[in-house]
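Let's take a walk through this structure together. Have the sequence and the 3D view open, and we'll go from one spot to the next.

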Amino acid sequence: MSTTHPTTAAPTATAAPAPPRALNLSRTTATAARVLRQLRHDPRTIALMVLIPCVMLLLLRYVFDGSARVFDTIGASLLGIFPLITMFLVTSIATLRERTSGTLERLLAMPLGKGDLIAGYALAFGALAIVQSVLATGLAVWFLGLDVTGSPWLLLLVALLDALLGTALGLFVSAFAASEFQAVQFMPAVIFPQLLLCGLFTPRPNMHPVLEAISDALPMSYAVDGMNEVLRHTDMTAAFVRDVLIVAGCALLVLTLGAATLKRRTP
Amino acid sequence: MMNYSSRPPEEPAVHAQDLTVVRGPRTVLRSLDFTVPRGRITGLLGPSGCGKSTLMRAVVGTQAKVTGTLEVLGSPAGHPTLRTRIGYVTQAPSVYDDLTVRQNLHYFAAILDPGRAAADRRHENVTRAIADVDLTTHADALAGTLSGGQRSRVSLAVALLGTPELLVLDEPTVGLDPVLRRDLWQLFHTIAAERGATLLVSSHVMDEAERCHRLLLMRAGEILADGTPDALRTRTGTGTVEDAFLHLVDEATAAGRTQETAKETTR
Ligand SMILES: Nc1ncnc2c1ncn2[C@@H]1O[C@H](COP(=O)(O)OP(=O)(O)OP(=O)(O)O)[C@@H](O)[C@H]1O
Ligand SMILES: [Mg+2]
């Protein structure tokens, strides 16, 4: 920013007697309620978000009809991957629309903290992710015979964190998309490599060492690892805790980066 | 160029000195000096592309690459404390198409005046703002299903929600019928007179200029003239502000041409 004069319109008025900066709970919940209300006027999107994972799991169950073991691994991994992909798509489009419709400019000219906005989105999509995951997990465990050794609640926890990560990634990349076309193209760019390397198709230790190293750096790998830990162990293992912390940490990091892309002043 | 002796004794609502704005490769505002007096309606007029919206964005604090001095309500433009004190209507209506009129206003009201304790006040404000822009009969229609003029009125209603000390309205009456335009201008005058609020209103329509207390005439990123409609007419010896404006533009064009030919000859 090229502000030359000292008394100039200071873009980052940090020295100012700033109004309450931290999260404002009422503004956050108002934002979350608004996002959910918008979605309520779009029942088709909600139906698609909730139903597609269920249909895919159903399909998968009968694709691997003869090998229940394979369905267990892939099914559990998918329970972690669906929320990430759906929330990534929904968030990137929603944020892009907020930018292009001028409502973001208007909101940022109002006393709304960037944190309030982001937390509001995370809260709304988190709630939606819970509905999606409860249905998908319930279907997989009780009707399709997915054999989980651990608690299904832990599956749900990982799914929720994955949704948060998806929201964070979507928010972040939407800053680099100038149109809906570009936003949709970020999905293959950001999600597909993670999908290939997360261990869904082949266990990560079997990959070429270079790819394995890359997969170690991608958050989706830990989401899938976490799911598989729950699948195989009765109680929370140290590896599970590590995986969960890594996914949560990544989500928070990317959310912070996303907040930095929300500029009050635009060219 | 400017007549500072007519400046009221109290501090002006907006004070700009050497205000320059660069957008992309272009210098859109060139070293402007002007003031906007408190409690009055100041019209910002000029041809398309002359920089009216850019000037307003600078005042509100959403424009990047602003240099020079720009004081708004005693603080540098964009200062966080100003966010509750300024109401801003962007040129393109910025509302959520997938929410109803009332839901839109309730959300923005919750951002301006958060908390459960303020719920009654918010409800009152929302109802009043909807009535002010004459949309009571459409309060429960989705914003996306409204006509162009109706949508811009929703956008205007958002700015009327709180009790801002400074209202920055970017072409608020574009595309509206004469009756509604008259009513809105009456409302603007009431807001200025009763609340002592300052209004900065941009317009293409010269007959609206007659309704302002003061005018800033712009052309190609510069301020051509600054004064009351009467003063402008008298100064140019014309009957209407439109004629006065055309006269001033011709004068400026002629002056520019002689300057250029002077440069040519000295070369
Ligand atoms: N995002 C942008 N990036 C680069 N240049 C821009 C951008 N927006 C506007 N401009 C340029 O800035 C100049 C002033 O634009 P501005 O929108 O302030 O004009 P205006 O007076 O409001 O016009 P109108 O009456 O048509 O709304 C124009 O020449 C335009 O080309
Ligand atoms: Mg404009």
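A good place to begin is B:Thr54, which touches B:Val21, B:Arg23, B:Val28, B:Leu29 and B:Gln63, leaving aside residues up to four places away in sequence. You'll find B:Thr54 in helix α1 of chain B. With a relative accessibility of just 5%, B:Thr54 counts as buried, because anything under 20% does. Keep in mind as you look around that this is a predicted model.

Helix α1 of chain B also holds B:Ser53, one of two residues at a metal site. The magnesium ion, ligand 2, is coordinated by the OG atom of B:Ser53 and the OE1 atom of B:Gln91, at 1.9 to 2.1 Å. These two come from distant parts of the chain: B:Gln91 sits in the loop between β6 and α2 of chain B, 38 residues away from B:Ser53. B:Gln91 is partly exposed, at 42% relative accessibility.

Now for the place where the two chains meet. Here 43 residues of chain B are in contact with 42 residues of chain A. Between them, the chains bury about 3,700 Å², and 57% of that is on carbon and sulfur atoms. On the chain B side, the residues that lose the most area to chain A are B:Arg83, B:Tyr107 and B:Ile111, which together make up 19% of what that side buries.

What else links the two chains? There are 21 residue pairs in polar contact between chain B and chain A, counting pairs with both residues at pLDDT 80 or more. Several elements of chain B give two or more residues to the side that touches chain A, namely α1, β4, β6, α2 and α4. Of these, α2 of chain B gives the most, with 6 residues. Sorted by class, that side of chain B has 21 nonpolar, 16 polar and 6 charged residues. Salt bridges between the two chains number 2. In one of them, the side chains of B:Asp98 and A:Arg97 meet at 2.7 Å, N to O.

Over all chains, the structure holds 19 salt bridges. Take B:Asp97 and B:Arg151, whose closest N and O atoms are 2.8 Å apart. B:Asp97 lies in the loop between β6 and α2 of chain B and B:Arg151 in helix α4 of chain B, so this pair ties together parts that are 54 residues apart in sequence. B:Asp97 is partly exposed at 36%, and B:Arg151 is partly exposed too, at 21%.

Another salt bridge joins B:Asp230 and B:Arg233, with 2.5 Å between the closest N and O atoms. This pair stays within helix α7 of chain B, where the two residues are 3 apart, about one helical turn. B:Asp230 is partly exposed, with a relative accessible area of 49%, whereas B:Arg233 is buried at 16%.

Over in chain A, A:Arg204 forms a salt bridge with A:Asp216, at 2.7 Å between the closest N and O atoms. A:Arg204 belongs to the loop between α7 and α8 of chain A and A:Asp216 to helix α8, so the bridge ties together parts 12 residues apart in sequence. A:Arg204 is buried at 10%, while A:Asp216 is partly exposed at 37%. Together with A:Asp225, these two are linked in a network of salt bridges.

Last stop: the backbone of chain B. B:Glu171 has a phi near 50°, a positive value in a residue other than glycine. B:Glu171 sits in the loop between β7 and α5 of chain B, and is buried at 9% relative accessible area.

How values were computed. Residues numbered from 1 in each chain as written. Chains lettered and ligands numbered in written order. Predicted model: local features only at pLDDT ≥ 70, side-chain atom pairs only at ≥ 80, totals over all residues. Heavy atoms only, no water. Contact = heavy atoms within 4.5 Å. Buried area = accessible area lost by both parts, 1.4 Å probe. Salt bridge = Lys/Arg side-chain N within 4 Å of Asp/Glu carboxyl O. Polar contact = N/O pair within 3.5 Å; in protein donor to acceptor, adjacent residues only side chain to side chain. Helix = DSSP H or I, 4+ residues; strand = E, 2+ residues; numbered from the N terminus. Nonpolar A, V, L, I, M, F, W, Y, C, P; charged D, E, K, R; others polar. Donors = N, O, S within 2.8 Å, 3.2 Å for Na, K, Ca; no water. Buried < 20%, exposed > 50% of the residue type's maximum accessible area, 1.4 Å probe, protein only.
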